[in-house]
Every structure is written in structure tokens, then in C-alpha cells.
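Work through the exercises below with the sequence and the model open. Each task is followed by a solution in steps.

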Amino acid sequence: MAIQSGGVFSIFKYIRLQYIRGGYILGRMANNNFSAPLTPAVLHILLALSTQERHGYGIMKQVESDSQGKVKMGPGTLYGSLGRMIDAGFIRDSDKKVDPEMDDERRVYYAITALGRKALAAELQRYDEVVALAKRKTLLPTTHAYGK
Amino acid sequence: MANDHTTTRYRKLYARLLRLYPKPYRERFGESMEQTFNDLCRERAKAGEGLRGFVLWMFVETSSGIINENITFIIMQNTRRLIVWAIVAALILAIPVLMQFTNEVQWGEAVAYCVLLLVAGGAYELWQWLKTRSSAYRFAFGVGLAGALLLGWVNGAVGIIGSEDNPANLMYGAVFAVGLIGSLFSRLKPRGMARTLFAAALVQVLVPVIAFFIWPAQVSWGEAGVIGVFIINLIFAMLFVVSALLFRKAATKQPPAAAGLGGLTPASS
């Protein structure tokens, strides 16, 4: 991301956007630049939302299921990431509604946006290229992801 | 039953922990986070798994999020402010360092420089705060402040009643006292500030009247004499009245919640 004109405050803004926890995603996303990798939390949340919209607990369970129990996200990480992803336009939150399976309180649901799908596709493409490179160099272990 | 009681206690504790998040974050996600925590507790309880270790992990994980979000919030909201105060702090710290290399700066001067730097920082804060007020409030504050500074400067330099050494001029301290006490009591709310400035204008006019009765021979302003004293006092009083009227105008425009320091919102950087 190029530093735009505006003196010392722009430089600080740049540093702020680049190095605050998870904030570098925002700086990158603001320019629709998908060249840098997503954080693991963001990638897993996008994967969890890629099939259907979910509430916070639903995302947690889906991430746990997708990763076969290897990735466990706490509320601090989950909602911190969700906030940044909403700000970046990767996901959007919907009106509250009741989960038919849980059938108790109304919950906020999160859904992936077109920009989020684009970011996910770019990230998976990057992974694909890394795996292809590892294959070419015969570095790829014979095991699947998450050690199984 | 005991398990339910423990779960309820953990939920309450977690809800309290969430209060440590910055307000905007808490308003956005607080309720959802509480729901998620409750869901997780319920899931563990249903599976017959212990809660203590899990809850401890949740609290540590959430605390880490709280620290991160607060740091992010402070930096995002106050970048400019942090830079200004970092410069002020650096310059203040540079003074004792420079004193190691030169004898030109005495301790008295060093303290004066520090005060000036802090006043500069304070002026920046004041300006940032004024930017959140209406234009009427800003003008009112500016006119009132200008009046007070001019009064202090003229009175200190040449004196308004007789010479600057005339003890009668000390009575103008009452104008500053009224302004200061009124500002503190009104918490800078426009309606209270209007009353304060009206009171300051009244005191400003009363000072030469009282002085005229106590020291009739000394009430004179250069060649303009007694009339000059009253005219210059009326000019200052007019400044305070204009300021008061502007504050009153600001009071009619501002919503009650935002009127005063209670409604201070950090300036966006």
C-alpha cells in the first residue's frame, strides 16, 4: 500500500493500519489488494461463512468442525476479527433472528459479501500456488491438512 | 442445580469482563459475545465436561482481546493527540538533557519552558474540544477568553485605575475569580457560561464604581481621567456581555446531552 500525500499524519495512519493487530487487513482491503495473506482467523471465518450465513457460535462450531477440532477460536478473537472484516467489507451482519436449531434468543447473523468471496478465492489461489510449488520441490508431506 | 448456579455466576462474571471493552465495541458485539459464551457453557454442561478450565481459557482469551481492542481504539481515536503530547513530552525531557551541556538555562527558566510547553499542549486540547462545539459556542469562548487575556494584559502592563501599581487594580482579580468559579460550577455548559459572563461583566463595571468611592482621587486613566476609566471598563464589560449572549445562543441550539464537558467526544484524526 502506497503512502498517500498528507505528511506525518499519513505516515502514522499507514503504520497504524499496517501494524495494529489484524489492522493490516483493513489497510490492504481498502485497496482491494489481495496479494498479502489473510490471518488464519479471517480465513477460517470466511470458509465457515462461504456456505451459509451463521451467528457467532455457529461460526465457532463450523471452524472447529472444518479444522477437525484443531482450530478453536474464543469470543475475543472471533468478534475482533468479525469487526475488522465488517469494516473491510468482507462480511455483513444481518438483522437478529432465532436459530431454528437452538430456538432460544434472537442472534445476529453474519454473511459473506462479494468482496469477501473475492478475498477468499484469492487466498485459496495463493494456497494452491504454494502447494503446487511444494509439490514441484517434492516438499509436500503425505499427510493431509491438520495432521491427519 | 449447583452446576446451574456456577454457570450463572460465570456468565455474570463474563458480562462484567465485557464491560472492559471500549464502548463502541461493547455496543456492537457485547450482547453477541455474551450469547456465545452462554452457548459454549451450555454445550460443555450438556456434554458433562468441567467448566473451570474452559472458563479460565475464555477469560484469558477475552482479556487478550480487550487489551488489543483498547489499544487499537486509543490509537485510532487519538493518533494526532498522541503525537502532540509525545512532542511536548520529548521537548520537556530534552530540557534537563540540554542543561547538562550548557549553563545558559537556569532551573527557573527550565520550569517556565515546561509550563509554556504544557500550556501549548493544553491549548491544543482546548482547540480539539472547541471543535466539537457549535460555532456560536466557539465564538463565545473566544470572545470571553480574549476579553480575559486583554484585561490581564492591560491591567498588568499599565493599570486601568491609575498606574499599574495602584492596589485598586487588584480588585479586577474578582472578574477572573467569577469567570473561573462560574466556569467550574457550570462545567462549561453554555447556559451556565452565559450566566458566568454576565456576572463577570457586572463585576467589571462594579470595580471602578467601588474604587471611585474608596479612592476617588486615584480613579483616572491617563489624560482621559475618570471618564476614561469607566469607558475602558465598559468596553471590557461589553466584550463579556457579547460572549454571554453568544453562549446563550449556543445554549438554545445545543441538545442538553452534548452541552458541556460531559458531551466531549474525541476528535477524529
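**Exercise 1. Determine how many helices and strands chain A has, and in which order they run.**

Step 1. In this predicted model, chain A contains six helices and three strands.
Step 2. Read from the N terminus, the order is α-α-α-β-α-α-β-β-α.
Step 3. Of the 148 residues in chain A, 29% are buried.
Step 4. Among contacts of chain A with a separation of 6 or more, 51% are between residues 24 or more positions apart.

**Exercise 2. Assess the confidence of each chain and of the complex.**

Step 1. Chain A has a mean pLDDT of 77, with 68% of its residues at 70 or more. Residues 1-6 of chain A fall below 50, and the model gives this stretch nine contacts beyond near neighbours in sequence.
Step 2. Residues 14-24 of chain A also stay under 50 in pLDDT, with 22 contacts beyond four places in sequence.
Step 3. For chain B the average pLDDT is 85, and 91% of the residues score at least 70. Residues 256-269 of chain B are below 50, and this stretch has 22 contacts beyond near neighbours in sequence.
Step 4. For the complex, the predictor reports an ipTM of 0.71 and a pTM of 0.54.

**Exercise 3. Describe the sheet of chain A and explain why β1 and β2 each have one side without a neighbour.**

Step 1. The sheet of chain A is open, with three strands in the order β1-β3-β2 and antiparallel pairing.
Step 2. β1 (54-55) and β2 (91-98) of chain A are the edge strands; each has a single partner strand, so one side of each lacks a neighbour in the sheet.
Step 3. β2(A) and β3 (residues 106-112) of chain A run antiparallel and are joined by six bridges. In one of these strands, β3(A), R106(A) is the bridge partner of V98(A).
Step 4. Helix α5 (residues 75-88) of chain A packs on the sheet and touches β2 and β3 of chain A, its direction making about 120 degrees with that of β2(A).

**Exercise 4. Locate the largest nonpolar core and the elements that build it.**

Step 1. This core has 36 residues, and those with the most contacts inside it are I45(A), L46(A), L49(A), I59(A), L82(A), M85(A) and I91(A).
Step 2. Elements giving two or more residues to the core come from both chains: α3 (40-49), α4 (56-66), α5, β3 and α6 (114-136) of chain A, and α1 (2-18), α2 and α3 of chain B.
Step 3. Take L49(A) as an example: leaving aside neighbours within four places in sequence, its contacts are R54(A), I59(A), I91(A), Y110(A), A111(A) and I112(A).
Step 4. A separate core of 34 residues includes I160(B), M193(B), A201(B) and A237(B).

**Exercise 5. Characterise the contact between chains A and B.**

Step 1. Chain B contributes 22 residues and chain A 20 residues. On the side of chain B, α2 (23-46) and α3 (52-99) each give two or more residues, and α3(B) gives the most, with 13 residues.
Step 2. By class, the side of chain B that touches chain A has eight nonpolar, nine polar and five charged residues.
Step 3. α5(A) packs against α3(B) at an angle of about 35 degrees, the axes being 7 Å apart.
Step 4. In this packing, P75(A), G76(A), T77(A) and G80(A) of α5(A) meet M58(B), E61(B), T62(B), S64(B), G65(B), N68(B) and E69(B) of α3(B). The contact of the two helices comprises two nonpolar, seven polar and two charged residues.

Technical notes
Residues are numbered from 1 along each chain as its sequence is written. Chains are lettered from A and ligands numbered from 1 in the order in which they are written. This is a predicted model: local features need pLDDT of at least 70, side-chain atom pairs count only at pLDDT 80 or more; totals for chains, interfaces and linings use all residues. Helices (H or I, at least four residues) and strands (E, at least two) are DSSP runs, numbered from the N terminus. A residue is buried if 20 or more other C-beta atoms lie within 10 Å of its own, exposed if 12 or fewer, and partly exposed in between; C-beta atoms are placed from the backbone. Two residues are in contact if their C-beta atoms, placed from the backbone, lie within 7 Å. pLDDT is the predictor's confidence in each residue, from 0 to 100. Ala, Val, Leu, Ile, Met, Phe, Trp, Tyr, Cys and Pro count as nonpolar, Asp, Glu, Lys and Arg as charged, and the others, Gly among them, as polar. Two strands pair if DSSP finds at least two bridges between them. Axes are lines fitted to C-alpha atoms, for helices over the stretch in contact, and angles run from 0 to 180 degrees between N-to-C directions. A nonpolar core is a set of buried Ala, Val, Leu, Ile, Met, Phe, Trp, Tyr and Cys residues joined through C-beta atoms within 7 Å.
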